[in-house]
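User: I would like to learn how to read a protein model, beginning with its strands. Could you guide me through one example?

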Amino acid sequence: MQLTAFEEAETLGAPIPCRSLDPEVFFAETPADVEYAKSLCGTCPVKAACLTGALERREPWGVWGGELFVQGVVVARKRPRGRPRKTEVMA
């Protein structure tokens, strides 16, 4: 029997954020919450395996391997709800 990357990490006692926190965190609605979920993946020992699996499965949405999926495509940022502003906002 071959262990998966997730099982190996858990055997070694490495914390995996998506297995220890509420899964809803990784399917957040607001841009700030999505960025928080992505930051949780930053130190995950199975980040690469998670992203590879999500790409292979064509996950429809959520944060996988530190990347945001929207309609099965990796996007850089989640846009807030509502209409875009007519004028640019000074950052």
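Analyst: Certainly; please note that this model is predicted. Let us begin with a single pair of residues: Trp61 has Val70, a residue of strand S2, as its bridge partner.

User: To which strand is S2 joined, and by how many bridges?

Analyst: Bridges show which strands lie side by side. Here S2, covering residues 67–70, is joined by four bridges to strand S1, covering residues 61–64, and the two run antiparallel. In a regular strand, side chains alternate between the two faces of the sheet.

User: What do S1 and S2 form, and how many residues lie between them?

Analyst: They form a hairpin, with two residues between the strands. In the turn, Gly65 has a positive phi of about 60°.

User: Where do these strands fall in the order of elements along the chain?

Analyst: One reads the elements from the N terminus on, which gives α-α-α-α-β-β-β. The protein chain thus contains four helices and three strands.

User: Which residues line the largest pocket?

Analyst: A pocket is read through its volume and its lining. The largest pocket has a volume of about 160 Å³. Its lining includes Pro17, Cys18, Phe26, Phe27, Val63, Trp64 and the turn residue Gly65. Helix H2 (17–20) and S1 are the elements that give two or more residues to this lining.

User: How many of the lining residues are nonpolar, polar or charged?

Analyst: Ten are nonpolar, one is polar and none is charged.

User: What share of the residues in the chain is buried?

Analyst: Of the 91 residues in the protein chain, 26% are buried, a term that here signifies under 20% relative accessible area.

Definitions and conventions:
Residues are numbered from 1 along each chain as its sequence is written. This is a predicted model: local features need pLDDT of at least 70, side-chain atom pairs count only at pLDDT 80 or more; totals for chains, interfaces and linings use all residues. Side-chain values use heavy atoms; hydrogens and water are left out. Two strands pair if DSSP finds at least two bridges between them. On a 1 Å grid over the protein atoms alone, a cavity is a set of points where a 1.4 Å probe fits but cannot get out, and a pocket is an open set with protein on both sides within 12 Å along at least five of seven lines; lining residues have an atom within 4 Å of a point. Grid points are joined across faces, edges and corners, and a volume is the space filled by probe spheres set on the points. Ala, Val, Leu, Ile, Met, Phe, Trp, Tyr, Cys and Pro count as nonpolar, Asp, Glu, Lys and Arg as charged, and the others, Gly among them, as polar. Buried means under 20% relative accessible area, exposed over 50%, partly exposed in between (1.4 Å probe, protein chains only).
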